[in-house]
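Open the model in a viewer and keep the sequence panel visible. The stops below are given in the order in which to select them.

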Amino acid sequence: MKAHVARFFSSLAALACAALPSFSADKAQPAPPTDLGKVMFVGDSITHGVNAPSWRWAFHKLLVDNGIKYESVGYRTGNFSNGVAPGTEYGGVEFNNVHSAQSSARAWELAGRKAGGRFDNTNLSNWLGLSKKTNKGGNYTGQSWTPDTFIMLIGTNDLLSDGPAGVNADKVNNLLGADRKGGDMKTILEAMQASNPKARIYVMSVPCWTRHANNNDAAVHSAVESYNWELKKALGNYKALDIHYVETNDGLLDAKNATPFYGCENMFNAPGRDGLHPSRQGDIIMTNNLAAAMGIPGRTAGLERKALLKDAPAKKAAKAKRKYAMGQPAASGYCAEFRMPEDAAVTLSDGSQGLTLDFREGKVLCGNTVLQGNMAQRIQMKAPKQKPSPIRMAYTPGNEAQGVPGGFYVWCSGQLIGEALPPNAKDNSFCGLAATADITARVCAEGSYAPAAPHAGKGGFRLGQGAGAAATPDHETANGVLTIHKARKVELPKAEAPAVALETGAILTLADTAGVKRISMADACTLSLPAAAAQQDITIQVGKTFTLIIAGGTEGMDISKWHITRNGAPVSVQATIPDRQAGTVVVTEK
């Protein structure tokens with residue numbers, strides 16, 4: 001978890017600046033749904049979750065923030081690696097982590113056209129109760145569901161992993177049909193409709209990627225970009241279905257990169273080793289694009305929605321300037337709002353420390369981290385020129401118990417793009433908003449708020465007052481043992497103790513294991529260690545189920561120095577690299 005900003009405030013202060021035009025979202029949105037019913041997420045590793053919880057976790061938080069009900073149903077449970085611990089809640093609502101996605105899945109497996117091994121050779125028609133015939137001709141005896149909403153992201157492996165190398169007409173025709181009215185996609189969509197003629201169907205475009213172990217030719221990037229355009233046109237042929245195309249890539253792309261359709265590298269995990277699966281930041285942006293397609297307002301992070309200018313008198317806007325002072329902020333935080341400037345830096349500070357954002361080349365950056373990339377400049381679909389986006393910055397002490405860590409939160413056009421960011425600026429001379437160029441802004445010292453949004457209801461949860469400082473820590477070290485508490489996720493540079501203990505459902509990433517001798521993992525824990533750790537004598541006690549990852553390892557690497565046991569008995573393990581996940585070694589039981 002991100003560290004809390006240390007300094008809290010106890011006094012309240014009034015707003016400090018002249019009346020300004022509203023900064024609410026520019027484009028009117030339809031009323032969002034209040035209940036998605038049974039939702040089936042269908043896809044491959046990007047939906048399953050590899051090296052990150054997947055965008056489904058970010059989407060869960062968005063729905064909870066907006067008070068939208070849903071129930072995930074499907075054939076699989078959990079993430080492939082580095083995911084969300086069982087029983088994890090956000091805003092008091094448990095994330096059940098159920099879906100119908102599988103690492104390395106292809107559309108032809110979902111359609112049942114041929115067998116490939118993923119999903120145990122079952123297919124979508126099996127799960128929807130439409131057919132008992134599996135991909136290998138056997139009988140399906142498992143559970144079936146009738147979803148109200150389908151959200152599907154499929155095609156990456158069909159285009160990039162299937163032979164021959166590169167993207168060719170045969171691969172596109174297999175997915176969409178030569179006339180763009182058939183193929184595996186038609187089979188999948190017709191199964192969804194047959195299951196529930198009133199189901200809402202959202203089809204997400206294939207995401208961009210960065211430096212991957214293969215498929216990095218500019219021609220391949222361009223071909224996948226072109227495929228998305230063909231996908232959108234093909235979906236227009238299914239007019240009888242309540243079907244919606246979702247442009248996944250808006251905000252993910254680095255449009256200034258010499259390679260077309262290339263993602264901002266921090267939006268993806270370990271470019272050069274993985275580079276394909278979205279990071280937590282990439283998951284946030286993908287979720288924003290899905291939310292926009294569904295008419296759902298952005299996340300609130302448990303904060304009240306408030307238009308900072310709602311009660312301002314109707315006066316002509318003040319002359320643009322570079323500093324907007326505010327009084328001493330309240331204990332509940334502070335915030336500011338302004339239009340995104342061009343080639344400028346903007347800092348929100350409490351008079352001690354704060355957050356600086358840089359705006360350049362159409363991107364929003366926090367240090368070297370891109371929070372929002374360029375809008376997708378697609379080959380056939382140029383993004384329309386828009387006026388500068390409204391930006392909301394807010395600091396909140398948060399509430400760990402409710403799943404909201406303290407720190408800075410950033411919204412762009414009403415969608416959350418920065419979550420629990422630690423302070424990166426110090427200024428003992430100024431309390432308020434300061435910019436390197438003229439901006440029109442508003443600051444609020446009375447608390448931290450999420451942006452107001454059209455049609456947003458009051459159904460989302462609200463942070464408990466004053467609970468942030470008293471929250472249980474994610475981890476602690478005592479008597480030579482580093483303990484990671486139940487269902488918490490922690491990333492540490494090193495252990496600073498010879499023994500490490502993970503409570504049930506805990507997730508730990510250690511960059512350096514120097515000095516570590518013993519590790520105990522309760523049930524359903526995830527532990528990620530560096531490759532150098534394989535050279536250490538470490539005793540690892542595992543629970544009934546466990547996930548052990550070696551970052552930067554190699555297939556079949558020697559882990560004989562590790563003594564892995566369960567209830568005192570040795571556990572026979574092997575180190576393997578799953579399909580298309582170069583650099584991510586998973587230690588599994590033989």
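Start with K198, which is exposed at 73% relative accessibility (exposed means over 50% relative accessible area, buried under 20%, and partly exposed in between, with a 1.4 Å probe and protein chains only). K198 sits in the loop that runs from helix 7 (183-195) to strand 8 (200-204); helices (H or I, at least four residues) and strands (E, at least two) are DSSP runs numbered from the N terminus. Add T149 to the selection: its C-alpha is 8.9 Å from that of K198, although 49 residues separate the two in sequence.

Before moving on, note that this is a predicted model, in which local features need pLDDT of at least 70 and side-chain atom pairs count only at pLDDT 80 or more, while totals for chains, interfaces and linings use all residues. Residues are numbered from 1 along each chain as its sequence is written, and side-chain values use heavy atoms, with hydrogens and water left out.

Next, select N79, in the loop between strand 3 (76-77) and strand 4 (89-90). N79 is buried, with a relative accessible area of 18%. Display the polar contacts of its side chain (pairs of N or O atoms within 3.5 Å; within protein, one must be able to donate a hydrogen and the other to accept it, and residues adjacent in sequence count only if both atoms are side-chain atoms). One polar side-chain atom of N79 is 3.0 Å from the backbone oxygen of H48, and the side chain also reaches the backbone nitrogen of V84 at 2.9 Å. Beyond neighbours within four places in sequence, the residues in contact with N79 include G49, A52, P53, S54, R56 and N97, where contact means heavy atoms within 4.5 Å.

Now go to the peptide bond between G163 and P164, which is cis, with omega about -5°. P164 belongs to the loop between helix 5 (156-160) and helix 6 (169-176).

Two asparagines come next. N479 is not a glycine, yet has a positive phi of about 55°. It lies in the loop between strand 22 (475-478) and strand 23 (481-484) and is exposed, at 83% relative accessible area. N567 likewise has a positive phi, about 55°, without being a glycine. Its loop connects strand 31 (562-566) and strand 32 (569-570), and N567 is exposed at 75% relative accessibility.

Then show the cysteines. Why does the search of the whole structure find zero disulfides? A disulfide is a pair of cysteine sulfur atoms within 2.5 Å. For C208, the closest cysteine sulfur is that of C264 at 7.7 Å, too far for a bond. For C444, the closest is that of C335 at 4.4 Å, also too far. C208 is buried at 1% relative accessibility, and C444 is buried at 1% as well.

Finish inside the protein. How many cavities of 30 Å³ or more does the structure hold? There are five; a cavity is a set of points, on a 1 Å grid over the protein atoms alone, where a 1.4 Å probe fits but cannot get out, and lining residues have an atom within 4 Å of a point. To view the second largest, select A58, I284, T287, N288, R299 and L416, which line it. Its volume is about 50 Å³, counted as the space filled by probe spheres set on the points, with grid points joined across faces, edges and corners. Helix 9 (residues 280-294) contributes most to this lining, with three residues.

Notes: On a 1 Å grid over the protein atoms alone, a cavity is a set of points where a 1.4 Å probe fits but cannot get out, and a pocket is an open set with protein on both sides within 12 Å along at least five of seven lines; lining residues have an atom within 4 Å of a point.
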